[in-house]
Amino acid sequence: MSVLVHSQVEGNLYELENKKKQFKFEIENLTDSIKIINLKIAKIESGKFLKKIKDSTFTGIAIKGAKLKKDSNVFADIITTFEEDVEVIILDYKNGYFEICKNSLSGYMNEMWLKKSDLVSNFIQSRKAELKLNHRKNGSSSNYTSSLKRTKRSNSYKSTTRKRYRTYIKGTRGGCYYINSRGNKTYVDRSLCN
């Protein structure tokens with residue numbers, strides 16, 4: 001009798017393990033499908049802005065003192081410095097820099113030199129989302145998965161995001177903070193962790 005019960009337990013265990021594997025496989029497939037859909041959404045949103053650029057010339061206002069550089073980094077050579085607020089054509093955005101054009105000059109300008117507007121903010125968010133999704137799509141899924149595992153293992157935070165030279169940390173209860181120069185937590189708006 002005990003052999004029969006042991007055999008049934010092993011059969012149930014094997015069946016449950018198979019169901020578990022099947023569910024994991026389905027979750028991976030659904031996760032991949034969501035990534036593909038998010039990439040398509042980001043491309044459509046970026047396409048809207050690119051269409052605006054082509055159709056109506058997407059512009060912004062570079063504030064007085066703005067520096068137009070040859071490349072999109074802090075140490076790049078300066079092409080010119082604008083002596084007053086000027087309207088510029090915005091061509092692209094990446095890593096905190098706008099690719100812009102003014103008359104016959106084209107180059108890169110740090111985002112801090114462009115007056116903020118809803119259209120500019122939406123463009124930045126759209127480009128960031130598209131670049132992030134492209135990075136994930138081009139990177140190996142094992143790196144993404146291992147990154148998720150490291151994040152889940154940590155009890156002190158769920159994700160970190162680099163913004164304006166600070167590392168913002170999302171706490172386990174959803175709060176957003178950074179570690180100040182004294183080593184203490186300084187809480188900020190939750191949107192900075194998104």
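These are my notebook entries on a core, a strand pair and a disulfide in a predicted model.

**Ground rules.** I number residues from 1 along each chain as its sequence is written, and I work with heavy atoms for side-chain values, leaving out hydrogens and water. As the model is predicted, I accept local features at pLDDT of at least 70 and side-chain atom pairs at pLDDT 80 or more, while totals for chains, interfaces and linings use all residues.

**Core.** I looked up the largest nonpolar core (buried Ala, Val, Leu, Ile, Met, Phe, Trp, Tyr and Cys residues joined through side-chain atoms within 4.5 Å; buried is under 20% relative accessible area, exposed over 50%, partly exposed in between, with a 1.4 Å probe and protein chains only). I found 17 residues in this core, with F82 and F98 having the most contacts inside it. The elements that give it two or more residues are β4 (86–94), β5 (97–102) and α2 (118–138), and β4 gives the most, with four. Helices (H or I, at least four residues) and strands (E, at least two) are DSSP runs numbered from the N terminus.

**Strand β1.** I followed the side chains along residues 59–62 and saw them alternate, G60 and A62 pointing to one face and buried, T59 and I61 pointing to the other and not buried. Strands pair if DSSP finds at least two bridges between them; β1 and β4 run antiparallel and are joined by four bridges, and A62 has V86 of β4 as its bridge partner.

**Disulfide.** I searched for cysteine sulfur atoms within 2.5 Å of each other and counted one disulfide, between C176 and C193, with the sulfur atoms 2.1 Å apart. Both cysteines are buried, and the link is right-handed, with 80 degrees about the S-S bond.
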